[in-house]
Structure formats: structure tokens, C-alpha cells
Amino acid sequence: MAGTAIRGRLTWQTATVGVVTDETPSVRTIELQVPDWAGHRAGQHLDVRLTAEDGYTAERSYSIASAPGEPVMITVERLDDGEVSPYLTEELRAGDEIEIRGPIGGYFVWDAADPAPVLLVAGGSGVVPFRSMLRHRERTGASAPVRLLYSARSLPDVIYRTELDKEPDGVEVIYTLTRQQPPDWTGHSGRVNAALLAEVAWPEDQQPASYVCGPTPFVEAVANGLVSLGYPAGQVRTERYGGAGGTS
Ligand SMILES: Cc1cc2nc3c(=O)[nH]c(=O)nc-3n(C[C@H](O)[C@H](O)[C@H](O)COP(=O)(O)OP(=O)(O)OC[C@H]3O[C@@H](n4cnc5c(N)ncnc54)[C@H](O)[C@@H]3O)c2cc1C
């Protein structure tokens with residue numbers, strides 16, 4: 001059994017595209033039917049490999065957007081000058097096949113059995129692994145209190161908004177809108193800064209679990225901010241998506 005699971009993670013396999021859902025004008029969730037899926041943990045990612053007719057290949061990583069036990073899903077933001085994300089968000093159709101490998105990662109994961117308060121800080125598409133964690137919490141009936149601080153450009157850019165706005169018991173979702181706010185907006189505006197982190201973060205003496213995900217400069221700024229609040233550096237888990245910070 002263990003051998004099968006390890007083989008499943010490390011080798012490329014063919015996945016068939018299932019339901020495709022538009023989340024925002026530039027973000028799409030893609031369900032993947034993977035016959036040999038070994039199961040995943042909340043927060044893990046997978047790799048996608050595309051091969052052109054001339055044999056050229058491109059590989060990218062995508063966080064798994066669904067909870068353990070649900071069909072595998074990824075959520076991809078289109079970068080207009082990108083190589084892979086425009087194909088995944090615009091060309092791919094139900095029934096198409098792509099190569100994937102995973103699940104990958106044993107560090108940026110959350111287990112619903114952990115009762116510690118959880119702080120999740122997302123920049124743009126960095127919210128994807130947190131959707132897996134929140135669904136995992138919901139499906140298992142876990143009671144760890146969770147705060148999600150989510151930085152997005154504008155309200156229409158918020159991914160999974162309907163789902164996040166439900167805020168099940170024990171879950172608080174705090175948005176900050178960096179570029180455009182609706183006229184009646186009473187929430188936070190601007191980038192995540194020290195004052196906002198201090199307001200939202202669980203006090204360090206409660207020994208919270210903390211996760212930060214998004215474009216690299218965003219992740220570094222937030223992780224530094226949490227360390228300044230007294231969070232031990234080694235306990236702030238980070239997932240860097242790359243790029244120059246355009247998504248938050
Ligand atoms: C572990 C991991 C998980 C990831 N999960 C997701 C996910 O769930 N959803 C998702 O949409 N992406 C995710 N990414 C990012 C993804 O792997 C690709 O980097 C992204 O889709 C861009 O690929 P591309 O080929 O379209 O662009 P590229 O051709 O690689 O890059 C085009 C340009 O965009 C810049 N760029 C790359 N990434 C970003 C970014 N995030 N923000 C701003 N500029 C950027 C590059 O520096 C380059 O200048 C993840 C990355 C990692 C490492």
C-alpha cells in the first residue's frame with residue numbers, strides 16, 4: 001500500500017478535466033479526475049506538466065483547492081503574460097487530459113485534529129490552500145478557531161467569496177481591498193501592514209498555528225510582520241507563489 005502511495009506521488013499521471021468553474025473574470029477552478037490519486041492533506045499542492053506538439057514542456061505547481069476526500073481541484077489565476085496559466089484558465093475544457101504529479105508537501109499542511117487557533121493570511125490566489133483547510137475543518141467538524149485575513153485587489157477579485165462569506169461557527173474572514181473599494185465598504189483597505197496584523201493575529205501566548213501564502217514579496221512582508229509581533233519565525237509556515245507581487 002505504502003509503495004503504491006509513494007509511486008502515485010512521484011510519477012506523472014494523466015488526469016481528466018471534470019467540472020470547470022469561473023471564480024472571478026481571471027480565476028478558474030478545475031476539477032481533476034485522477035484514477036490513481038493517493039489522497040491529500042489540506043495545504044498540499046500538485047504539479048501540472050503541459051507538453052507542446054514539438055515536445056517542449058512546462059511545469060507549474062498549484063495548491064490543491066479541495067479538502068481531503070473531495071475530488072481533486074486546483075484554482076488558477078490567469079497572468080496575462082504567463083506561459084501556463086492562460087492555457088489552464090482559457091483553453092482547457094471538460095474531458096481534456098493533462099499530466100499531474102502529487103500530492104506534494106508535508107510542511108504547509110493543517111490537520112483538523114490540531115486544536116490550536118489558526119491564522120491564515122492570503123494574498124490574491126494565495127487563498128487556494130486555505131479553502132482546502134476550511135473545507136477540511138467543516139467536513140471533519142473540527143473546532144479550532146480560524147481567522148483568515150485575505151488581501152485582494154477589489155471585491156470582484158475575491159476568490160470563493162460566496163463560500164467564504166458563510167463564515168461557519170469559529171471562522172472569521174477579514175478582507176482588505178488594496179486597489180478598489182465599493183462606495184459603501186466598511187472593511188479594511190490597503191495592503192496588510194503591522195497595524196492590521198496586530199488587530200487580526202491571535203496573541204502569541206495562545207500558541208497559534210500560522211500560515212501565509214501568496215506572491216513572494218507579500219509572504220515575506222507578512223511573515224516578517226508576524227515575527228515582529230512575537231511569533232517564532234520557525235512557526236510561521238509560508239508558501240511562496242513567485243512573481244513580483246501583482247496579485248495582492
Ligand atoms: C507551491 C506553489 C503553489 C502554487 N499554487 C498556485 C495556485 O493555487 N494558483 C495559482 O494561480 N498559482 C499558483 N502558483 C503559481 C503557479 O505555479 C505559476 O507560477 C503561475 O500560474 C504563473 O505561471 P505562468 O506560466 O502563467 O506564468 P510565468 O510564465 O511563469 O510567469 C509570467 C510572469 O508572471 C510573474 N509571476 C509568476 N507568478 C506570479 C504571481 N503569483 N503573481 C504575480 N506575478 C507572477 C513571473 O515572474 C513572470 O514575470 C503556485 C506556485 C507554487 C510554487
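This passage describes the domains, nonpolar cores, aromatic contacts and unusual backbone sites of a predicted model.

The domain assignment of the protein gives two parts, domain 1 (2–104) and domain 2 (118–241). Their C-alpha centres are 24 Å apart. Domain 1 supplies 19 residues to the contact, and domain 2 supplies 17 residues. Between them, domain 1 and domain 2 bury about 1,400 Å², with 50% of this area on carbon and sulfur atoms.

The largest nonpolar core contains 33 residues, and those touching the most other members are Leu-120, Phe-130, Leu-148, Tyr-150, Leu-164 and Tyr-211. Two or more residues of this core come from each of the elements β7 (118–123), α3 (128–140), β8, β9 and β11 (209–214). Because domain 1 (2–104) and domain 2 (118–241) both give residues to the core, it lies between them. The surroundings of Leu-120 illustrate the packing in this region. When neighbours within four places in sequence are left aside, Leu-120 is in contact with Phe-130, Met-133, Leu-134, Val-146, Arg-147, Leu-148, Leu-149 and Tyr-211. Another core, of 20 residues, lies apart from the one just described; Ala-15, Leu-50, Val-72 and Ile-74 are among its members.

Aromatic rings were examined next. A pair of aromatic rings is described by two quantities, the distance of the centres and the angle of the planes. With a cut-off of 6.5 Å between ring centres, the count comes to three aromatic pairs. One of these pairs is formed by Tyr-150 and Tyr-175, with 6.0 Å from centre to centre and 50° between the planes. This pair is tilted, because its angle is neither under 30 degrees, as for stacked rings, nor over 60, as for edge-to-face rings. The two residues are 25 residues apart and belong to distant parts of the chain: Tyr-150 is in strand β8 (residues 146–152), and Tyr-175 is in strand β9 (residues 171–177). Both Tyr-150 and Tyr-175 are buried. Elsewhere, Phe-108, Phe-130 and Tyr-211 form one aromatic cluster. Phe-130 and Tyr-211 also appear among the core residues that touch the most other members. A contact between a charge and a ring involves Arg-147, whose charged end sits over the ring of Trp-202 at 3.7 Å from the ring centre.

Several backbone sites merit separate description. Gly-102 and Pro-103 are joined by a cis peptide bond, with omega about 5°. Pro-103 lies in strand β6 (residues 97–104). Pro-103 is also one of the residues in contact with His-45; leaving aside neighbours within four places in sequence, the others are Ser-61, Tyr-62, Ser-63, Ile-64, Ile-104 and Glu-239. His-45 itself is placed in strand β3 (residues 45–51). Its relative accessibility is 16%, so His-45 counts as buried, the limit being under 20%.

Positive phi values occur at Glu-167 and Gln-207. Glu-167, a residue other than glycine, has a phi near 35° and is found in the loop between α4 (161–165) and β9. Glu-167 has 35% relative accessibility and therefore counts as partly exposed. Gln-207 is likewise not a glycine, and its positive phi is about 50°. Gln-207 lies in the loop between α5 (194–200) and β11. The relative accessible area of Gln-207 is 62%, so this residue is exposed, the limit being over 50%.

How values were computed. Residues numbered from 1 in each chain as written. Predicted model: local features only at pLDDT ≥ 70, side-chain atom pairs only at ≥ 80, totals over all residues. Heavy atoms only, no water. Helix = DSSP H or I, 4+ residues; strand = E, 2+ residues; numbered from the N terminus. Buried < 20%, exposed > 50% of the residue type's maximum accessible area, 1.4 Å probe, protein only. Lys NZ or Arg CZ within 6 Å of the ring centre and 35° of its normal. Core = buried A, V, L, I, M, F, W, Y, C linked by side-chain atoms within 4.5 Å. Domains from an automatic or database assignment. Contact = heavy atoms within 4.5 Å. Buried area = accessible area lost by both parts, 1.4 Å probe.
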